[in-house]
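Biologist: New model on my screen. Walk me through it, please.

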Amino acid sequence: MPVNQIPTRVTAAQEFYVRLMRGDHSPFHLCAHSLTPTLLGAEPQDGPNPLTGDQPPPLVPSNPRPESVPEPQIQDAPKIEDASQPRVVLLGTGGGPPAVAHRANTATAVAIGDAVYVVDCGRGAVSAYVNAGLSLGHLRAIFVTHMHADHNGELINFFLYGLHPQGPAGGGLPARIQVFGPGRSDELIAMGAPIESPICPSAPMSGTADLLSHSIAAHAGHLNVAKAAGFPDIREAIAVTELTVATADNQASPLAADLGLQVVTADLGVVDAGANSEPAPAMDPVVIMEDDRVRVSAILVPHGGMFPALAYRFDTDSGSVVVSGDTAKSENVVALAAGSDLLLHEVMDAEAMIASGMPEQFVREILLQVHTDSVEVGEVGSEAGVKRIALHHFVPSQPGAVGDDQWRRQVSRHYDGEVIVGQDLMSIPLGTH
Ligand SMILES: [Zn+2]
Ligand SMILES: [Zn+2]
């Protein structure tokens with residue numbers, strides 16, 4: 001096919017390809033040179049395009065780091081002397097959508113020897129996990145704090161990319177991964193108002209089993225072919241525990257049952273909680289899991305209409321770490337984190353959001369009802385008596401939008417301990433303080 005003209009009858013894909021080849025990419029706003037290797041499976045070529053004779057445009061990153069954004073200050077990260085040392089690894093530290101460059105969404109690993117536990121699986125979690133040098137063969141359990149996509153969007157990816165036979169390239173996932181997360185909620189509110197014309201009326205506030213079972217169904221082709229090729233059966237690789245409260249819709253996911261997915265519920269013992277009433281009434285932490293490395297406790301936290309929302313605490317022989325999840329300032333986080341060695345807390349700079357042009361009323365009356373301002377994070381750490389605070393789930397989340405010193409200064413207004421400003425792939429040792 002000549003590449004300098006578009007035939008009269010072409011598919012959209014053919015038209016795209018022809019325009020790409022002749023360098024006429026203005027309708028698509030794409031860079032032909034940088035896309036060609038990806039689309040054609042070829043290495044980028046120096047010199048003119050062999051088909052068109054056009055000189056390629058200069059090769060530049062499609063998403064260059066703005067000059068105003070500093071490089072991650074890896075040298076500031078606490079150093080790990082020994083990879084086997086118990087540690088918390090920040091796989092992703094960015095707050096919710098939209099996606100930003102150079103920072104993944106929220107995910108955290110707690111690594112205790114050859115046992116790894118993951119809390120949340122936002123965008124980039126699986127890549128970060130392997131980039132951090134963690135073995136999928138060591139993954140024991142995944143804990144989802146709540147059902148926002150910046151915390152669970154990559155949950156299925158741990159199985160799609162980790163569920164393979166053990167081989168020279170590394171170990172596949174072990175026999176069965178435990179997945180803990182919220183059950184369904186039957187309260188449909190957002191911004192304090194009912195949600196009209198909800199998507200998926202049969203389960204509009206989906207739970208962890210819904211997320212996994214529908215993801216499995218969507219990838220059934222891949223999973224069936226892989227199973228026929230000798231890969232593990234995903235239905236035998238997952239054990240879901242949905243954390244529920246008495247007032248929520250605790251109906252099991254019908255699709256999970258159809259698939260034969262192992263799902264059990266664990267009632268948190270709270271009878272007066274609800275998205276529309278009190279999403280996080282005062283309660284004692286509930287132990288939800290215990291093995292030879294960790295004891296994990298959960299507590300409800302207030303995160304608006306996204307209910308139930310949870311914070312988790314890991315107690316280990318090397319120390320304790322609490323992951324707040326997304327939450328407004330909460331006495332339940334104080335109770336869960338009491339006396340802990342490390343509090344990994346979400347953080348928002350409300351003044352920076354207002355200064356960036358976001359309406360002040362929206363920030364104060366909406367965002368601060370579901371997130372915690374940096375000054376408040378220090379108050380939580382002080383009230384809980386934690387030894388160290390580490391910050392993640394930054395809002396705003398663009399690296400450099402708020403300087404590290406500013407985050408630290410604001411948290412330290414009411415907190416005397418060490419404040420660690422998190423970065424993607426930062427490791428924080430446990431048991432050395
Ligand atoms: Zn979030
Ligand atoms: Zn959230």
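Biologist: Start with strand 2. Which of its residues are buried on one side, and which on the other?
Modeller: A107, A109 and A111 are buried on one side, and T108, V110 and I112 on the other. So both faces are covered. In total, six of its six residues are buried. Buried means 20 or more other C-beta atoms within 10 Å of the residue's own; 12 or fewer is exposed, in between is partly exposed, and C-beta atoms are placed from the backbone. Strands (E, at least two residues) and helices (H or I, at least four) are DSSP runs, numbered from the N terminus.

Biologist: What about the model itself and the numbering?
Modeller: This is a predicted model, where local features need pLDDT of at least 70 and side-chain atom pairs pLDDT 80 or more, while totals for chains, interfaces and linings use all residues. Residues are numbered from 1 along each chain as its sequence is written, and chains are lettered from A and ligands numbered from 1 in the order in which they are written.

Biologist: How many helices and strands in the chain?
Modeller: There are 13 helices and 17 strands. Of the 433 residues, 44% count as buried.

Biologist: How does strand 2 pair with strand 3?
Modeller: Strand 2 (107-112) and strand 3 (115-121) are antiparallel, over six bridges. Pairing here requires at least two DSSP bridges between the strands. A111 has V116 as its bridge partner, and I112 has A115. The two strands form a hairpin with two residues between them. G113, in that turn, has a positive phi of about 60°.

Biologist: And how does strand 1 pair with strand 2?
Modeller: Strand 1 (87-92) is antiparallel to strand 2, over five bridges. G92 stands opposite A107 there.

Biologist: What is the strand order in the eight-strand open sheet?
Modeller: The order is 9-8-5-4-3-2-1-17, with mixed pairing. Strand 9 (262-267) and strand 17 (426-429) are the edge strands, each pairing on one side only. The twist averages 20° from one strand to the next. Helix 6 (208-218) packs on this sheet, touching strands 5, 8 and 9. The helix direction makes about 150° with that of strand 8. For angles, axes are lines fitted to C-alpha atoms, for helices over the stretch in contact, and values run from 0 to 180 degrees between N-to-C directions.

Biologist: Now the seven-strand open sheet. What order does it have?
Modeller: It goes 10-11-12-13-14-15-16, again an open sheet with mixed pairing. Strand 10 (286-290) and strand 16 (418-421) are at the edges with a single partner strand each, so one side of each has no neighbour in the sheet. Twist averages 25° from one strand to the next. Inside it, strand 12 (310-316) and strand 13 (319-323) pair antiparallel over five bridges. Y312 stands opposite V323.

Biologist: Which strands does helix 13 lie across?
Modeller: Strands 14, 15 and 16. Helix 13 runs at about 145° to strand 16.

Biologist: At what angle do helix 12 and helix 13 cross?
Modeller: Roughly 50°, with the axes of helix 12 (374-384) and helix 13 (404-411) coming within 7 Å. That makes the pair oblique: angles under 35 degrees are roughly parallel, over 145 roughly antiparallel, 65 to 115 roughly perpendicular, and the rest oblique.

Biologist: Which residues meet there?
Modeller: S374, V375, V377 and G378 of helix 12 meet W407, Q410 and V411 of helix 13. The contact has four nonpolar residues, three polar and no charged. Nonpolar is Ala, Val, Leu, Ile, Met, Phe, Trp, Tyr, Cys and Pro; charged is Asp, Glu, Lys and Arg; the others, Gly among them, are polar. Contact means C-beta atoms, placed from the backbone, within 7 Å.

Biologist: What covers the buried residues of helix 12?
Modeller: The cover includes helix 9, strand 14, strand 15 and helix 13. The buried residues are S374, E376, V377, G378, V380, G381 and A384. After the helix comes G385, with a positive phi near 65°.

Biologist: Last one, V402. Buried or exposed?
Modeller: Buried, with 24 other C-beta atoms within 10 Å. V402 sits in the loop between strand 15 (388-395) and helix 13. V402 touches D349, A352, P396 and W407, leaving out residues up to four places away in sequence. M353 is 49 residues from V402 in sequence, yet 9.8 Å away, C-alpha to C-alpha.

Terms used:
Contact = placed C-beta atoms within 7 Å.
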